[in-house]
Amino acid sequence: EKSKLKKNIINFIERIESQKKLILFLTKNKLSSELFINYFSSNSNQISQFFQKVKEISSKIKTWNSPVVNLLLNILFLWDFFIFKKFSQFELHFSKQIKQILSGIETLDSLLPFFTLYYHNQESEFPYISPNVQEIKAFWIAHPLLEPNTRVSNPLEPIPKGNGFLITGSNMSGKTTYLRTIGINSLLALCGSPTLSKGFSLPPLKILSSIRNEDSLQDGISFFYAEVKKIKSILESVESSQIPCLVLIDEVLKGTNTRERVIATKKILEELQKYSTFVVVTTHDLDLAKIFKKSKYKLKHFEEQIKNGKMSFDYKIRDGILTSGNALKILSIEYPRIKFFDS
């Protein structure tokens, strides 16, 4: 029991001393925001007294690092119990005040990333979130982790419940980044953060994704089986969810052949339409995209440009299906000794 008490006291002293400069700063320069005004209302004299007591206790517990000295002090003065009593009196006197300050620091720490995001992205804004919203949309949306000089914004056209986008695109053209852009901004929105978007609106929702699947030699799982397990998890979550779901699937079922991929994907997307979902799916498979021409899913694509033998991308989303791939073009540019095209 004594060991537990000692450990708790040591942990408390170490934590408080590590926060000392911050606590002194926040109580001296009181934050004017209504969010924090009650957390740091203690005056500087009270805080000085508090840290003076911390210093006294800290000096006394140093004897715990010297077993012989500590043993003698315990024999003569019941030293450990003396410290426990001092700490108990200290805790009784300052506990309410310090809990209030530490709660304020935790609140400030949890909100600082959102302040930082807005500080570095002044064009960001708070989204509109309401259970009455029946679709997800934004005038434009961008990825907050990309540098401003390389970042490309794209519109997010309205996705009603039970509908979605099927996006085709060349390699490296921006399909997956667009998927992640929707996901990360939706997550930020649900955390109460500003988002890198304009006119972004969405209902409270659950985010489900299959973006980065990997095989496992250790577990005996192939890439395709990993995809299947993830999609199974998504379907089960959608079926049981009490709120709408945002479903993001990158390169749907790319671990199997075209014929079976087309059949399976068609059924999976039809199943997702039965529930309150907003679905965004990417694929390389143009045959797969063609079967959705007359469905509720909107067809979008990204493409590349080739100038003077060099490939470039504008990362802009466009309507319709991609008409050609770029895999052979990339191979011919990187290794021109193999001719994939007749000259």
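Colleague: This is a predicted model, and I'd like to start with Y315: is it buried, exposed or partly exposed?

Modeller: The relative accessible area of Y315 comes out at 35%. Buried would need under 20% and exposed over 50%. With 35%, Y315 therefore counts as partly exposed.

Colleague: Where does Y315 sit, and what is its phi?

Modeller: Look in the loop between β12 (310-313) and β13 (318-319), and you'll find Y315 there. Y315 is not a glycine, although its phi is positive. The value is about 55°.

Colleague: What about L78, which has a positive phi too: what is the value, and in which loop is L78 found?

Modeller: L78 is a residue other than glycine, and its phi is near 50°. L78 is exposed, with a relative accessible area of 52%. As for the place, that's the loop between α4 (67-77) and α5.

Colleague: Let's move to helix α3: how far does it reach from its first C-alpha to its last?

Modeller: α3 has 18 residues. At 1.5 Å a residue, the expected reach is 26 Å. The model comes close to that, with a reach of 26 Å.

Colleague: Which residues of α3 are buried, and how wide an arc do they cover around the axis?

Modeller: The buried ones are I47, F50, F51, V54, I57, S58 and I61. They sit on the same side of α3, because the arc they cover around the axis is only 120°. On the other side of α3 you get exposed residues, N45 and K55. So the arc to remember is 120°.

Colleague: Which helices do those buried residues pack against?

Modeller: Follow the buried residues of α3 outwards and you meet their packing partners. These are α1 (2-18), α2 (20-28) and α5 (79-120).

Colleague: Pick out I57 for me: what does it contact beyond its neighbours within four places in sequence?

Modeller: I57 lies in α3, which covers residues 44-61. I57 is buried, at a relative accessible area of 5%. F90 is 33 residues away along the chain, yet the C-alpha atoms of I57 and F90 are separated by 9.1 Å. Leaving those sequence neighbours aside, the contacts of I57 are I9, I13, K86, F87 and F90.

Colleague: How many disulfides are there in the whole structure, and why do C191 and C245 not make one?

Modeller: A disulfide needs the two sulfur atoms within 2.5 Å. For C191, the closest cysteine sulfur is in C245 and lies 17 Å away, so that's too far for a bond. The two also have their own burial classes: C191 is partly exposed at 45% relative accessibility, while C245 is buried at 1%. The count over the whole structure is zero.

Colleague: Zooming out, how many helices and strands does the protein chain have, and what is its radius of gyration?

Modeller: The protein chain has 10 helices and 13 strands. For 343 residues the globule rule gives 20 Å, and the chain is well over that, so it is more spread out than a compact globule. Its C-alpha atoms fill a box of roughly 95 × 50 × 50 Å along the principal axes. The radius of gyration is 29 Å.

Colleague: And what share of the residues in the protein chain is buried?

Modeller: On the surface side, the protein chain exposes about 20500 Å², with carbon and sulfur atoms supplying 55% of it. Turning to the buried residues among the 343, their share is 39%.

Definitions and conventions: Residues numbered from 1 in each chain as written. Predicted model: local features only at pLDDT ≥ 70, side-chain atom pairs only at ≥ 80, totals over all residues. Heavy atoms only, no water. Helix = DSSP H or I, 4+ residues; strand = E, 2+ residues; numbered from the N terminus. Buried < 20%, exposed > 50% of the residue type's maximum accessible area, 1.4 Å probe, protein only. Contact = heavy atoms within 4.5 Å. Expected span 1.5 Å × (residues − 1). Arc of directions from axis to C-beta. Rg over C-alpha atoms; globule rule 2.2 N^0.38 Å. Areas by Shrake-Rupley, 256 points an atom, 1.4 Å probe, with all protein chains shown as cover.
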